[in-house]
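Reader: I would like to go through the reasoning behind the labels. Shall we start with the ligand?

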Amino acid sequence: MSDPAVRRALPADAEAVTGLIERAIRISTAGAYPADAVEAWATGRTAEGVQSMIEVTDGFVATVGEVVIGWANLDGDEVDQLYVDPDVGGQGVARRLYETIEALARANGLDQLRAVASLRAEPAFRRFGFREVDSDQVTFNGHTFTVVRMAKRLDRPLPGQAAPTGMGAAATSPALITTGSAADDG
Ligand SMILES: CC(C)(COP(=O)(O)OP(=O)(O)OC[C@H]1O[C@@H](n2cnc3c(N)ncnc32)[C@H](O)[C@@H]1OP(=O)(O)O)[C@@H](O)C(=O)NCCC(=O)NCCS
């Protein structure tokens with residue numbers, strides 16, 4: 001895989017992101033949950049719902065050329081979505097997306113990030129520095145899933161410390177920061 005780029009998600013990405021989420025769940029979480037639950041999770045959203053998430057939260061996509069290979073977002077202080085195309089799994093795409101989100105969270109002045117991790121994503125969140133708060137059950141599309149509530153403390157930047165540079169800086173322009181809450185399946 002050539003080096004992916006990370007950029008702000010656009011409403012026009014909704015169809016591609018919806019397909020990506022479906023593939024990521026169907027293939028990458030097979031075995032983590034019962035097959036009928038995986039299928040319900042994979043197919044339980046519409047492109048319109050994803051577009052709404054893109055519009056009201058801080059979403060990012062990883063791309064190779066024009067192809068969307070990953071998607072993640074920040075909703076308040078929660079890393080709500082994190083999905084990577086299984087064809088490029090294990091190559092650091094989730095980490096690239098996560099680091100963009102953490103840079104934005106720091107620029108927003110957040111001192112903590114939260115995540116409700118699937119059993120498949122929990123090891124990755126641990127690698128990103130999250131710790132388990134507790135485990136829980138969530139219901140989505142008629143099925144119940146065991147998830148792990150996790151949190152990570154963010155070190156406060158020192159007074160006068162430079163803002164993030166490079167891609168993170170472009171992505172964290174205050175003019176681009178949105179707040180809001182989207183009901184979802186993250
Ligand atoms: C979980 C998911 C996002 C990981 O994407 P990815 O691009 O393969 O992850 P990366 O290659 O960036 O790996 C990130 C880190 O997690 C680690 N990791 C990932 N999966 C792991 C596993 N099953 N066990 C142990 N470590 C794991 C990697 O070693 C890496 O650590 P490092 O950066 O310190 O070397 C992807 O598998 C996915 O989309 N899963 C299905 C959907 C899902 O459950 N999403 C989360 C909803 S909360």
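Author: Yes. Keep in mind that this is a predicted model. The shell around the ligand holds eleven nonpolar, eight polar and three charged residues.

Reader: What makes a residue part of the shell around the ligand?

Author: Its C-beta atom must lie within 6 Å of the ligand. In this model 22 residues surround the ligand. Ala94, Ser118, Ala121, Pro123 and Ala124 are the closest. Two or more residues each come from H1, S4, helix H4 (93–107), strand S5 (112–118) and helix H5 (122–127).

Reader: How do you know that the span of H1 is close to the expected one?

Author: H1 has 15 residues. At 1.5 Å a residue, 21 Å is expected. From first C-alpha to last, H1 reaches 20 Å, close to that value.

Reader: Which residues of H1 are called buried, and why?

Author: They are Ala14, Val17, Leu20, Ile21, Ala24 and Ile25. The label applies because 20 or more other C-beta atoms lie within 10 Å of a buried residue's own.

Reader: Why say that the buried residues of H1 line one face?

Author: Seen down the axis of H1, they fall within an arc of 125°, so they line one face of the helix. Their cover includes helix H2 (35–43), H3, S2, S3 and strand S4 (78–84).

Reader: What about H3: which residues are buried there?

Author: Val50, Met53 and Ile54 are buried in H3, which runs over residues 47–56. Down the axis of H3, the buried residues fall within an arc of 100°, so they too line one face. They pack against helix H1 (14–28), strand S2 (58–64) and strand S3 (67–75).

Definitions and conventions: Residues numbered from 1 in each chain as written. Predicted model: local features only at pLDDT ≥ 70, side-chain atom pairs only at ≥ 80, totals over all residues. Buried ≥ 20, exposed ≤ 12 C-beta atoms within 10 Å, placed from the backbone. Helix = DSSP H or I, 4+ residues; strand = E, 2+ residues; numbered from the N terminus. Arc of directions from axis to C-beta. Contact = placed C-beta atoms within 7 Å. Expected span 1.5 Å × (residues − 1). Nonpolar A, V, L, I, M, F, W, Y, C, P; charged D, E, K, R; others polar.
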